[in-house]
Amino acid sequence: MREVVQRTVVLQEAAQAPPAPRPAQRLSGQPYTLPEDAVEWVEALAALRRDVANSRIYPFREQVARACERAALALRAGAPEPGPPEWLRT
């Protein structure tokens, strides 16, 4: 005599929530904030221009330059650039 047994096994994966995004921080540990108006943006870009040889910036100069070029194009076009956040595109 042969017995046929059927079983249904349901495997459940543990639902893991993605980790919460960490707020961006400056090297000093202070929270990162963007310039709040056009004057502050101009001042921030002037500071970048003066500090381009800084060892924290210099290794990433190509990525920074490409990001600045894309920002300049978007500013001239008058519309935000669609797509993923800037930091994912560099």
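Begin with the whole chain in view: the protein has three helices and zero strands, and its elements run α-α-α from the N terminus on. What is loaded in the viewer is a predicted model, so colouring by confidence is a natural opening step. The mean pLDDT of the protein is 81, with 77% of its residues reaching 70 or more. Confidence is highest in helix 1, at 93, and lowest in helix 3 (residues 86-89), where the mean is 60.

Next, switch on a surface for the entire protein. About 9,000 Å² is exposed, and carbon and sulfur atoms supply 58% of that area. Of the 90 residues in the protein, buried residues make up 7%.

Now select Ser28, which is found in the segment before helix 1 (38-50). Is Ser28 buried or exposed? Ser28 is exposed, because its relative accessible area of 58% lies over the 50% cut-off. Add Gln30 to the selection, and a polar atom of the Ser28 side chain will be found 3.4 Å from the backbone nitrogen of Gln30.

Move on to the start of helix 1 and display Asp37 together with Val39. Here a side-chain oxygen of Asp37 comes to within 3.2 Å of the backbone nitrogen of Val39. With these two residues still shown, pick the end C-alpha atoms of helix 1, which are 18 Å apart; this agrees with expectation, because 13 residues at 1.5 Å a residue should span 18 Å.

The next selection is helix 2 (residues 61-77), which has 17 residues and reaches 24 Å from its first C-alpha to its last, close to the 24 Å expected at 1.5 Å a residue. Just past its end, select Gly78, the residue that follows helix 2 and whose phi is positive, near 80°.

Return to Arg61, which is found in helix 2, and show Tyr58 alongside. Which group of Tyr58 does the side chain of Arg61 reach at 2.9 Å? The partner is the backbone oxygen of Tyr58. Arg61 also lies over the face of Tyr58, at 3.9 Å from the ring centre, so that these two residues are linked in the model both through that backbone oxygen and across the ring face. Arg61 is classed as partly exposed because its relative accessible area, 36%, falls between the 20% and 50% cut-offs.

As a last step, display the aromatic side chains across the model. How many aromatic pairs does the structure hold? The number is zero, although the ring of Tyr58 does have Arg61 over its face.

Methods. Residues numbered from 1 in each chain as written. Heavy atoms only, no water. Phe/Tyr/Trp six-rings, centres within 6.5 Å; stacked < 30°, edge-to-face > 60°. Lys NZ or Arg CZ within 6 Å of the ring centre and 35° of its normal. Helix = DSSP H or I, 4+ residues; strand = E, 2+ residues; numbered from the N terminus. Expected span 1.5 Å × (residues − 1). Buried < 20%, exposed > 50% of the residue type's maximum accessible area, 1.4 Å probe, protein only. Polar contact = N/O pair within 3.5 Å; in protein donor to acceptor, adjacent residues only side chain to side chain. Areas by Shrake-Rupley, 256 points an atom, 1.4 Å probe, with all protein chains shown as cover. pLDDT = per-residue confidence, 0-100.
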